[in-house]
Amino acid sequence: MDSEPLVLDGFLEEATVPGDLHGSTARFRLTVSPTDERTDEMILPCGVTDPALALAVIHDLVPGDKLRVTGYLRLPRNPDEPVWLAVATLAVLETAPLLTDPAADATAVLERYGPYLCYFDADTTVVEVFTETGQPVGTAPGPDKIGALLEAFEQRQAAGGE
């Protein structure tokens, strides 16, 4: 009895890995989500045994690529075997966006100092400081002056009876 191959669309979950020492096979995990419901989502282990396709899988795919795979589902014959998809063909439907270093593009950072939050803006050296409840503490002229600002604020709070 011949079975029809499965055709699935999904996203490459993580980096691909060689299936053997020579790189003639490859393995990867595909996130398949047929609906928008998270409960319908599954991660399916996939294997490629065609050496040319395995080479492409290992060197050309990156996590986040949207793929269409065609293959046959391999069900376990005993409890020690995994379920996996033996991939016969693979097509990249959409490449993952290239991510740059997010720190290089950051224009502002919110950083915690104990019970205080400091807002650093990349366009100025001035640092706005708040309590964790959102009460303004003050503005430090630079990051090296935050300690003095917090000390003065705590002294005012202690003198005010809070």
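**View A. The hairpin of β9 and β10 has four residues between its strands.**
Look for Gly 134 here: its phi is positive, near 100 degrees. This is a predicted model, where local features need pLDDT of at least 70 and side-chain atom pairs count only at pLDDT 80 or more, while totals for chains, interfaces and linings use all residues. Residues are numbered from 1 along each chain as its sequence is written, and side-chain values use heavy atoms, with hydrogens and water left out. Strands (E, at least two residues) and helices (H or I, at least four) are DSSP runs, numbered from the N terminus. Strand β10 covers residues 136-140 and pairs with β9 in the antiparallel sense, over four bridges. To count as a pair, two strands need at least two bridges between them as found by DSSP. Val 129 has Gly 138 in β10 as its bridge partner.

**View B. Thr 131 sits in strand β9, which takes in residues 127-131.**
Is Thr 131 buried or exposed? With a relative accessibility of 9%, Thr 131 counts as buried. The cut-offs work like this: buried is under 20% relative accessible area, exposed is over 50%, and partly exposed is in between (1.4 Å probe, protein chains only). Setting aside residues up to four places away in sequence, Thr 131 touches Pro 115, Tyr 116, Leu 117, Val 137 and Phe 153. Touching, or being in contact, means heavy atoms within 4.5 Å.

**View C. β7 and β8 make a hairpin with two residues between them.**
Strand β7 spans residues 108-113 and strand β8 spans residues 116-121. The two pair in the antiparallel sense, with six bridges. One bridge to pick out is the one where Tyr 113 has Tyr 116 in β8 as its partner. In the turn you'll find Gly 114, which has a positive phi of about 60 degrees.

**View D. Strand β3 has β1, β2 and β4 as antiparallel partners.**
Why is β3 (residues 26-32) largely enclosed by the rest of the structure? Five of its seven residues are buried, so that's how the strand ends up. Now go through the partners one by one. Strand β1 (residues 6-12) pairs with β3 over two bridges, and Leu 12 stands opposite Leu 30 in β3. Strand β2 (residues 17-18) is also joined to β3 by two bridges. With strand β4 (residues 42-48), β3 shares seven bridges, and Arg 29 has Pro 45 in β4 as its bridge partner.

**View E. Arg 27 belongs to strand β3.**
Its bridge partner is Val 17. Which residues does Arg 27 contact, leaving aside neighbours within four places in sequence? They are Thr 16, Val 17, Pro 18, Gly 19 and Cys 46. Take a look at Cys 46: the two residues are 19 positions apart in sequence, and their C-alpha atoms are 5.7 Å apart in space.

**View F. Ser 24 is in the loop between β2 and β3.**
Ser 24 has a relative accessible area of 25%, so it falls in the partly exposed class. Apart from neighbours within four places in sequence, Ser 24 is in contact with Thr 49, Asp 50, Pro 51 and Ala 54. Val 48 is 24 residues away along the chain, and the C-alpha atoms of Ser 24 and Val 48 are separated by 8.6 Å.

**View G. Gly 160 comes in the segment after α3 (146-159).**
Here's an exposed residue: the relative accessible area of Gly 160 is 59%. Where is Asp 9 compared with Gly 160? Their C-alpha atoms are separated by 63 Å, and the residues are 151 apart along the chain.

**View H. Zooming out, the protein has three helices and ten strands.**
Along the sequence they follow the pattern β-β-β-β-α-β-β-α-β-β-β-β-α. The radius of gyration is 27 Å, well over the 15 Å that the globule rule gives for 162 residues, so the protein is more spread out than a compact globule. That radius is taken over C-alpha atoms, and the globule rule is 2.2 Å times the number of residues to the power 0.38. Along the principal axes, the C-alpha atoms fill a box of roughly 85 × 30 × 30 Å. Of the 162 residues, 27% count as buried. Among contacts with a separation of 6 or more, 40% come from residues 24 or more positions apart.
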